[in-house]
Amino acid sequence: MSQPKTLSEPSDFSDIRDWVFDLDNTLYPHHVDLFAQIDLNMTAYVSALLQMEREDARKLQKQYYLEHGTTLQGLMIHHGIDPIDFLERAHAIDYSALTPQPELAAAIKALPGRKFIFTNGSVKHAETTAGALGILDNFDGIFDIVAADYVPKPAGSTYDKFMSLNRVDTKKAAMFEDLPRNLTVPKALGMKTVLLVPQNIEATNVEWWERTTGEDDHIDYVTDDLTAFLKALI
């Protein structure tokens, strides 16, 4: 079984023309922890919707996430909620922890070809996040959960929809993600796959599904520094 590489070489990515990036915990480091705010908002939503205690609401929220890819998908299937209202409430967060990242912006801009954000969040959340990082203008498009008809990654149909809409040649594309399971389909489609992990992951509070295992042949590269990884390619 091959181990993911930790260092990138320009020759490894010389044929890549489409660069696809997840958003949360990928385009900014895990320790920024914006998702902690989103997580609290989702728990509060479930608690209010179903009149549940917070602890029970969180358990159901995580159950839906694991079973359906997102809490939103589970709530739509089982409770018929309004997805737009949910997304607005979930992403009502403080973005001030994000600061402009000029080196990351320059590295993304220098990549040859097109760049996309592919997120299970909303366009508004992606635009606000990327805007705060100072990298928004370097992307050619954002594919969000609405464009995916609310069917989240890692569903194969959602990757197919993204690739078809943007006419991506998967043999000349790379995918950057923070969740190992979201790289399984891209690898099967022929994409190069890069997993973003937290710096000092052993000391970081991450869920079990965020960790790599001994069965990660679908991951080509692992890095805890996106900027450095991209700069090494240009």
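**Salt bridges and nonpolar cores**

A salt bridge joins Lys 62 to Asp 39, with 2.9 Å between the closest N and O atoms. The structure is a predicted model, and this pair makes a good place to start reading it. The two partners come from distant parts of the chain, 23 residues apart: Asp 39 belongs to helix 1, whereas Lys 62 belongs to helix 2 (residues 54-68). Both Lys 62 and Asp 39 are buried.

In general, side chains of opposite charge can pair when their charged atoms come close. Across the whole structure, a search finds 12 salt bridges, and a few more of them are described here. In helix 4, which spans residues 83-90, Asp 85 and Arg 89 are four residues apart and therefore separated by about one helical turn. These two residues form a salt bridge whose closest N and O atoms are 3.0 Å apart. Asp 85 has a relative accessibility of 27%, so this residue counts as partly exposed, given that the partly exposed class lies between 20% and 50%.

Helix 4 also contributes Glu 88, which forms a salt bridge with Lys 124; here the closest N and O atoms are 3.4 Å apart. This pair, too, links distant parts of the chain, since Glu 88 sits in helix 4 and Lys 124 in helix 6 (residues 123-133), with their positions 36 residues apart in sequence. Glu 88 is partly exposed because its relative accessible area is 44%. Lys 124, by contrast, reaches 53% relative accessibility and so counts as exposed, the cut-off for that class being over 50%. Elsewhere, salt bridges are linked into a network that includes Asp 22, Lys 153 and Glu 177.

Turning to the nonpolar side chains, the largest core holds 47 residues, and the members that touch the most others are Leu 27, Phe 176 and Leu 230. Helix 1 (residues 34-50) supplies the largest share of this core, with five residues. Helix 1 is also where Asp 39, the partner of Lys 62, is found.

The surroundings of Leu 230 can be followed residue by residue. Leaving aside residues up to four places away in sequence, Leu 230 touches Phe 21, Leu 104, Ala 107, Ile 108, Leu 111 and Phe 176. Phe 176 thus appears both as a contact of Leu 230 and beside Leu 230 among the residues that touch the most other core members. Another core, of 17 residues, lies apart from the largest one, and its members include Phe 143, Ala 148, Met 163 and Val 197.

Definitions and conventions: Residues numbered from 1 in each chain as written. Predicted model: local features only at pLDDT ≥ 70, side-chain atom pairs only at ≥ 80, totals over all residues. Heavy atoms only, no water. Core = buried A, V, L, I, M, F, W, Y, C linked by side-chain atoms within 4.5 Å. Buried < 20%, exposed > 50% of the residue type's maximum accessible area, 1.4 Å probe, protein only. Helix = DSSP H or I, 4+ residues; strand = E, 2+ residues; numbered from the N terminus. Contact = heavy atoms within 4.5 Å. Salt bridge = Lys/Arg side-chain N within 4 Å of Asp/Glu carboxyl O.
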